[in-house]
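Here is a short structural report. It works through helices, sheets and packing in turn.

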Amino acid sequence: IKDAKNKEIESRIMEEQLEMAKDIQEGLNPMGFYNKDGVQIKGFTRAAKGVGGDYFDYIDIDENRVGALISDVSGKGVPASLVMVMIRTVFTSYITRKDVDCARVVRAINDSLSADFAIDKFATLFFLIYDRSTQEVAFANAGHGPLFCYRKTMNRCTVTKLDGVPIGIMEDVEYKQAKVKLEPGDLIVMYTDGITEMRNPEKDEYGLSRVQKFMIDFNDLSANDFVEKLVGDVDEFRGDASPHDDMTTLV
């Protein structure tokens with residue numbers, strides 16, 4: 001009985017520590033609604049198991065440019081969360097440099113993770129910079145997926161592909177940067193596979209087609225309301241099924 005009580009106390013302490021770690025990690029992601037000079041940004045993240053490896057961030061680079069990043073570390077739980085913190089540390093260090101560009105930032109993050117042989121984790125990552133003066137989005141991709149954008153004038157979604165190796169696999173990878181022009185009313189939705197691969201009790205996946213339809217149906221919402229509605233739709237689809245992966249989106 002005494003051993004059982006001690007194990008119960010240890011378990012409760014561990015749960016409390018994980019809850020504290022969860023609060024700290026959530027605080028590393030900017031949860032506020034960015035609404036400035038014609039640009040709206042809103043993100044959301046929720047770990048499947050207390051803490052996780054998903055990460056998003058956005059930050060003003062200068063008066064015209066704002067950078068936004070989303071990343072998904074392989075695995076879940078505490079190990080993935082520690083790698084996520086490393087990614088954030090490198091990102092926040094490089095994003096404020098005057099000569100910042102997407103490819104250079106992604107390479108810096110990759111070199112930092114790849115150089116530490118004690119880490120056997122890798123991550124996918126997508127980083128973009130929007131420039132108000134040119135109305136262009138520059139982006140680099142590290143195995144995360146294409147750029148999905150709703151085009152207001154065409155009332156449809158477009159896909160811009162740019163290949164890149166996930167970060168943490170090898171050093172000295174040369175990443176590419178591409179650019180696309182945006183128009184007023186256009187919408188970019190970035191996400192981790194915890195969104196598209198979310199399963200309901202019947203094992204059906206939420207899927208990319210639902211995300212694209214959602215972008216077309218609700219493109220007039222603010223970024224803040226769009227994220228809230230998308231998360232609600234994914235949760236409604238999931239029902240009573242347990243989430244199998246961390247869930248993050250950045251709009």
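The text below describes a predicted model, beginning with one helix and ending with a single buried valine.

**Helix 6 and its surroundings**

Helix 6 covers residues 223-238. Its 16 residues reach 22 Å from first C-alpha to last, close to the 22 Å expected at 1.5 Å a residue. Its buried residues are Ala223, Phe226, Val227, Leu230, Val231, Val234, Phe237 and Arg238. These residues lie on the same side of helix 6, because they cover an arc of only 125 degrees around the axis. Glu228 and Glu236 sit on the other side of the helix, and both are exposed.

What do the buried residues of helix 6 pack against? The strands are strand 2 (39-41), strand 3 (43-46), strand 11 (187-188) and strand 13 (247-250). The helices are helix 4 (193-196) and helix 5 (208-217). Just after helix 6 comes Gly239, with a positive phi of about 65 degrees.

**Two open sheets**

One open sheet has three strands in the order 3-13-12, paired antiparallel. Strand 3 and strand 12 (190-191) are its edge strands, and each pairs on one side only. Strand 12 and strand 13 are joined by two bridges in the antiparallel sense. Thr249 in strand 13 is the bridge partner of Tyr191. Helix 6 packs on this sheet and touches strand 3 and strand 13. The direction of helix 6 makes about 30 degrees with that of strand 3.

Another open sheet of three strands has the order 9-8-11, again with antiparallel pairing. Strand 9 (156-160) and strand 11 each have a single partner strand, so one side of each is left without a neighbour in the sheet. Strand 8 (residues 147-151) is joined to strand 9 by five bridges. Within this pair, Cys149 stands opposite Thr158, and Tyr150 stands opposite Cys157. The two strands form a hairpin with four residues between them. In the turn, Asn155 has a positive phi of about 55 degrees. Helix 5 lies across strand 8, strand 9 and strand 11, and runs at about 30 degrees to strand 8.

**Strand pairs compared**

The table lists three antiparallel pairs.

| Strand pair | Bridges | Sense |
|---|---|---|
| Strand 4 and strand 5 | seven bridges | antiparallel |
| Strand 8 and strand 9 | five bridges | antiparallel |
| Strand 12 and strand 13 | two bridges | antiparallel |

Strand 4 spans residues 54-60 and is mostly covered, with five of its seven residues buried. Strand 4 forms a hairpin with strand 5, with four residues between them. Asp54 has Asp72 in strand 5 as its bridge partner.

**The largest nonpolar core**

In soluble globular proteins, nonpolar side chains tend to be buried together. Here the largest nonpolar core has 29 residues. Which residues have the most contacts inside the core? They are Ile87, Phe91, Val106, Ile109, Leu125, Phe127 and Ile167. Five elements give two or more residues to this core: strand 5 (65-73), helix 2 (77-94), helix 3 (102-115), strand 6 (123-131) and strand 7 (136-142). Helix 3 gives the most, with seven residues.

Ile167 shows how distant parts of the chain meet. Leaving aside neighbours within four places in sequence, Ile167 is in contact with Ile87, Val106, Ile109, Asn110, Leu113, Phe122, Ala123, Leu125, Ala142 and Tyr175.

Helix 2 has 18 residues. From first C-alpha to last, helix 2 reaches 26 Å, close to the 26 Å expected at 1.5 Å a residue. Its buried residues include Gly77, Ala80, Ser81, Val83 and Met84. Ile87, Val90 and Phe91 of helix 2 are buried too.

**Val137**

Val137 lies in strand 7. Is Val137 buried or exposed? Its relative accessible area is 1%, so Val137 is buried, the cut-off being under 20%. Leaving aside neighbours within four places in sequence, its contacts are Leu128, Ile129, Tyr130, Ala178, Lys179, Val180, Leu182 and Ile188. Val137 and Arg65 are 72 residues apart in sequence, yet their C-alpha atoms are 9.5 Å apart in space.

Note on methods
Residues numbered from 1 in each chain as written. Predicted model: local features only at pLDDT ≥ 70, side-chain atom pairs only at ≥ 80, totals over all residues. Heavy atoms only, no water. Expected span 1.5 Å × (residues − 1). Buried < 20%, exposed > 50% of the residue type's maximum accessible area, 1.4 Å probe, protein only. Arc of directions from axis to C-beta. Contact = heavy atoms within 4.5 Å. Pairing = 2+ DSSP bridges. Axes fitted to C-alpha atoms, helices over the stretch in contact; angles between N-to-C directions. Core = buried A, V, L, I, M, F, W, Y, C linked by side-chain atoms within 4.5 Å.
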